[in-house]
Amino acid sequence: MRLVLIGAPAAGKGTQARKLVEYYKLAYISTGDMLREEVSKGTELGNQAKSIMASGGLVPDELIIAIVQERIKQDDCKSGFILDGFPRTEVQAEKLEEMVHIDKAIYINAPDELMLQRITARETCPKCGASYNKISLPSKVAGICDVCQEGLIQRKDDTLEAGKARLKTFHDQSEPLVEYYKKKGILFEVDGTGQLEDITKAIIQELGALA
Ligand SMILES: [Zn+2]
């Protein structure tokens, strides 16, 4: 099963992706995580992506398409995968279509105000990568990682200003994606304002027949 996840920043794509990966034994491909890894390693690609991501913009199509193309060739993708963060534009979706057949595009839909609230409440551990949310998933001790006791930080792209820019980018560039997959007849839209477990259940119910 090959899936695409669409949703504004903080719509809960990562959380849902992890649940689905576990349930269906799929490879999890987060282009955001892959890019952040490149940034932290200081590779040429990472440096290119760094300034763009910090300002809330999108990494150029050619760059991200090349990364995904390499990634889906790997062995763990043979029995299926879930893409989180790609495609983000219609051009990217068309390129993906040329690479591989996609079974379902899942769109997690939620209002902007909720997204901004969640984005600015996010905290990340710079040491082990664990992520928290002051509203929905707080660490046991405020500001401290449960796993490794490191001090938590706010990612540069999780500030209010960057959050607003990311939402605008999403509306401008990614909403046509929703239309694109709707026309293909493989879009499943789910309400992203509900409980995490209910959203997961709704998705699994829809995908059941594909498994
Ligand atoms: Zn940690």
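**Close-up 1. Pairing of strands β4 and β7 in the predicted model.** Strand β4 (residues 104-109) and strand β7 run parallel and are joined by five bridges, where strands are DSSP runs of E with at least two residues, numbered from the N terminus, and two strands pair if DSSP finds at least two bridges between them. Ala105 has Leu187 of β7 as its bridge partner. This is a predicted model, in which local features need pLDDT of at least 70 and side-chain atom pairs count only at pLDDT 80 or more, while totals for chains, interfaces and linings use all residues. Residues are numbered from 1 along each chain as its sequence is written.

**Close-up 2. The open sheet.** Five strands, in the order β2-β3-β1-β4-β7 and with parallel pairing, form an open sheet. Because β2 (27-30) and β7 (187-191) stand at the edges with a single partner strand each, one side of each is left without a neighbour in the sheet.

**Close-up 3. Buried and exposed faces of helix α5.** In helix α5 (residues 90-99), a DSSP run of H or I with at least four residues, the residues Gln92, Ala93 and Leu96 are buried, meaning that 20 or more other C-beta atoms, placed from the backbone, lie within 10 Å of their own. Seen down the axis of α5, these buried residues fall within an arc of 100° (taken from the directions from the helix axis to the C-beta atoms), so they line one face of the helix. The face turned away from the buried side carries Glu94 and Glu98, which are exposed, that is, with 12 or fewer such atoms.
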